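Open your viewer and get ready to click. We will go stop by stop, selecting a few residues each time.

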Amino acid sequence: ANATFEEAGGIDLHELDRDDPMADIYRAPMLSMNTEEMVLDWVLAAEDGVDPIMCGRARRFFELYSDAIADLETCPAINRLVGLKQFGVKRDPRQMQHTQGAVATAPYVHDRWTHSRFVAAHVIGLMSRRGYPRHKVGVAAFAALLHDGGYPAFSHDGDEVSQRLGLPHHEVRGQIIVKTDLDVREALALAGVNPDEVLEVMAERGDLGSLLRLADTLAYVVMDRRMIGGQDLGLFSTGTIFSVTGVQDGILEVQTTAWIEDLVRDRAGLSREVYYHPNNMVAAEALKLTLEYVIRRSLIPLKVFIEGTDSDIEHAMTGLGNNPRRVHLPEYIRRAWDLAHHIEMPGPTWRTVRVDTREEAERVLLSVPHELLPMTMAVWPFDYTRKTYRVRDPDGVVHDIRAPSSMIPPSQRQYRLYLWGD
């Protein structure tokens, strides 16, 4: 995988064909790595070579746990994560060029299982460096592999829909899987790992939970930044991991606060540029509108949504259009499904109203005719700089590190209402 990436050294990432799946391999070489390679060739890689003691610990871990990890990967409840795109319907707004009936950018192909393995790789790398007992490394690694198991189709956006339908948050559903899924329990038994200890770490409680929380953010920031063809973070994983000297009472102990400061800033930058970009926010809201409509009317079974994949929903939606019973989907739902996929078509659509305060937004909603409320979409601003890490520097001073709120531009502080019709 490394050789493949190096051979692509002369490629301008922004000029890669967005419809070519190999483009994502060039952007993120970790996509083609197994979990052990992620640890040894990425997380623990350093400019001056790898520490043989750290790598020896990591290799010994995989000698002991690789069979159990492989067994976990075959569990249907976990294997389905391969079919959940990490970005859902989100695209890189900088590369969106709309044409009639199409959009000239492909969705990113990296998935929840790749992300979960990358989180586990960071956990294993960090704990191997600090010499944690192997059993604790096993508990934290399996918690990382299982932490996203409760997501429905379309990940974050799907999770919001499931909560609107009265179902628990994905974290609670993930805990239920660990408690009740016999295949998952068998894999944990093979690893000799206590499920209750895994659940504690999955909930990000205790010192190991603090390490998982850091590894989760670090994994998606590094991978997502590579996937969008943005700044090459180079040895950012290694630098951040090496800066952590331990954790006590849930507080990360660091050699310097600089790496964590860079992490929260880069996370906020990704949020501004991609995750919470207005184009992606309205696409996500359109997706939620569509999913809630078809699931509440049993046009797509709830079980397919909760236990299936993105493709399962895509195929079911296609099937609704080809159904011999000619299930009638309202015009606004068909438009919303197109909008969720960043497709613009001529005809009826939504007009956008932007206001600066929640009170103004609520007044606009009160003015919408009752029969048009189900067709209305509202996108509230979100403070993506609020994620905070508590760290202790070498002098014993505790810092609460978060990105500055000034990173949120004025346009993303507005309330956006999408009103159906002219």
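Two terms come up at once. Buried means under 20% relative accessible area, exposed means over 50%, and partly exposed lies in between (1.4 Å probe, protein chains only). Helices (H or I, at least four residues) and strands (E, at least two) are DSSP runs, numbered from the N terminus.

This is a predicted model, where local features need pLDDT of at least 70 and side-chain atom pairs count only at pLDDT 80 or more, while totals for chains, interfaces and linings use all residues. Residues are numbered from 1 along each chain as its sequence is written, and side-chain values use heavy atoms, with hydrogens and water left out.

**Whole chain.** Show everything. You have 19 helices and nine strands. The chain holds 422 residues, and 52% of them count as buried.

**Strand β9.** Select residues 415–420. Six of the six residues in this strand are buried, so β9 is largely enclosed by the rest of the structure. Now show the side chains. Which way do they point? Tyr415, Leu417 and Leu419 go one way, while Arg416, Tyr418 and Trp420 go the other. In a regular strand the side chains alternate between the two faces of the sheet.

**Its partners.** Two strands pair if DSSP finds at least two bridges between them. Add residues 350–355, which form β5. Six bridges link β5 to β9, and the two run antiparallel. Find Trp350: its bridge partner in β9 is Trp420. Next add residues 377–379, strand β6. β6 also pairs with β9 in the antiparallel sense, over three bridges. Here Ala378 stands opposite Leu417.

**Helix α18.** Select residues 331–340. Its buried residues are Tyr332, Ile333, Arg335, Ala336, Trp337 and Ala340. Step just past the helix to His342, which takes a positive phi of about 60°.

**The largest core.** A nonpolar core is a set of buried Ala, Val, Leu, Ile, Met, Phe, Trp, Tyr and Cys residues joined through side-chain atoms within 4.5 Å. The largest one has 86 residues. Select Leu72, Phe142, Leu146 and Val198, which touch the most other members. Then select residues 206–227, helix α12, which gives this core its largest share, 12 residues.

Zoom in on Leu72. What is it in contact with (heavy atoms within 4.5 Å), leaving aside neighbours within four places in sequence? The list is Ile78, Trp113, Phe142, Leu145, Leu146, Val184 and Ala187.

**Last stop.** Another core, of 32 residues, lies apart from the largest one. Select Ala283, Ile295, Leu320 and Ala336, which are among its members. You met Ala336 earlier, as a buried residue of α18.

Notes:
Contact = heavy atoms within 4.5 Å.
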